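Subject: Structure for your review

Dear colleague,

Please find below the structure that I am handing over to you. My notes on what was found in it follow directly after.

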Amino acid sequence: MRRRRVLAAGGVFAGTAIAGAWGRPSGGSEALEAARAPAAVGDVTTNTETLLPDTVHETPLYEIDAAEDGPTVMVFGGVHGDEYNGIVVAHEAASWQPDAGTLVVIPETDVVAVKNDRRGGVDGDLNRHFPPGGEPESELARGIWAAVERHDPDVVIDLHRSLGIYGVHQQYVGQAIFHSPDAYGEDLAVALNDAAIPWYMPFHDFTASTSTMNGPLLFHEAYRELEATAYLFETTDFLLDQETMNEWTRLAVAKLLEFHGLLESGEPR
């Protein structure tokens, strides 16, 4: 509640509630600071793979191993090529240093879509290519899924951006955390609303929603086939600038790494 109290004490903010500098957390969370700091114990090692080499889908994957044992968390950006918050934050996360476990990051999952600044790539929307009970439906989906199976993550985080707000704007799903039944979705929503959302933007509070996990999305498949705890994170560009979307996405990834034991921040959940 600290952020909201500070803003309230500062007086009434008149005018349109566009979240630029006013909407950003002033100091960032302890989890984010822990993500950017050196690991608490030992050194981390980073290995880089090239997925789908010698194809138009060729894209890097980063594996960051902490000295301490722990779970494996896999983070995807750029499943949709025009959702920059996920791409930017996944690139940043590739340089973070977990205190335990393994962090696996693919910043530009559909690199053709990213290069073309479009939602979908060669075969359309990658996040519709993982049908229940069937094989992935495109060369890119099969290559990405092979990497997922090889790293066998305990947790999967897929980063997105919508055009509106879930429950406010019909057909849009922004400011929502869709998750598997075993996830920390509610905890993440509370943490983000407390740390990041200004009091004058109540419609931008994050909502957690347990997914049925029976759709054709990548995070659905990770839960069904690997029993991974899975999240699909959606912020919105409705009344937000790009840096605010990026910052809220950074905070979300850092908090999830903390919840799942990769970071030690000392911050209460």
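In this predicted model, an open sheet is built from 8 strands in the order β1-β2-β4-β3-β5-β8-β6-β7, and the pairing within the sheet is mixed. The edges are taken by β1 (45-51) and β7 (207-210); each has a single partner strand, so one side of each is left without a neighbour in the sheet. From one strand to the next, the twist averages 20°.

One pairing may serve as an example. Strand β2, covering residues 59-65, runs antiparallel to strand β4, covering residues 100-106, and the two are joined over 4 bridges. Glu63 has Val104 in β4 as its bridge partner.

Two helices deserve mention alongside the sheet. Helix α6 (residues 185-195) packs on the sheet and touches β6 (176-179), β7 and β8 (229-236). The direction of α6 makes about 165° with that of β6. Helix α7 (residues 218-226) also packs on the sheet, where it touches β3 (68-76), β5 (155-162), β6 and β8. For α7, the angle of about 165° is the one made with the direction of β8.

As to the protein as a whole, it has 8 helices and 8 strands. Of its 269 residues, 55% are buried. Among contacts between residues at least 6 apart in sequence, 74% join residues at least 24 apart. The accessible surface comes to about 11,500 Å², and 49% of that surface belongs to carbon and sulfur atoms.

I turn now to the aromatic residues. The structure holds 6 aromatic pairs. One of them is formed by Tyr166 and Phe178, which meet edge-to-face at 5.2 Å centre to centre, with 75° between the planes. Tyr166 is placed in the loop between β5 and β6, and Phe178 in strand β6, so that the pair links parts of the chain that are 12 residues apart. The two partners may also be described by their exposure: Tyr166 is partly exposed, at a relative accessible area of 33%, whereas Phe178 counts as buried at 14% relative accessibility, because the cut-off for buried is under 20%.

A second edge-to-face pair consists of Phe206 and Trp248, with 6.1 Å centre to centre and 70° between the planes. Phe206 lies in the loop between α6 and β7, while Trp248 belongs to helix α8 (residues 242-259); the pair therefore ties together parts that are 42 residues apart in sequence. Phe206 is buried, at 4% relative accessibility, and Trp248 is buried as well, with a relative accessible area of 0%. Together with Phe233, Phe206 and Trp248 form one aromatic cluster.

Finally, two residues have backbone angles that you may wish to note. Asp54 is not a glycine, yet it has a positive phi of about 60°. Asp54 is found in the loop between β1 and β2, and at 76% relative accessibility it counts as exposed. Glu227, likewise not a glycine, has a positive phi of about 60°. Glu227 sits in the loop between α7 and β8, and its relative accessibility of 68% makes it exposed, since exposed stands for over 50%.

With kind regards

Notes:
Residues are numbered from 1 along each chain as its sequence is written. This is a predicted model: local features need pLDDT of at least 70, side-chain atom pairs count only at pLDDT 80 or more; totals for chains, interfaces and linings use all residues. Side-chain values use heavy atoms; hydrogens and water are left out. Two strands pair if DSSP finds at least two bridges between them. Axes are lines fitted to C-alpha atoms, for helices over the stretch in contact, and angles run from 0 to 180 degrees between N-to-C directions. Contact means heavy atoms within 4.5 Å. Buried means under 20% relative accessible area, exposed over 50%, partly exposed in between (1.4 Å probe, protein chains only). Accessible areas come from the Shrake-Rupley method with a 1.4 Å probe; for residues, only the protein chains shown count as cover. Rings of Phe, Tyr and Trp (its six-membered ring) pair if their centres lie within 6.5 Å; planes under 30 degrees apart count as stacked, over 60 as edge-to-face and the rest as tilted.
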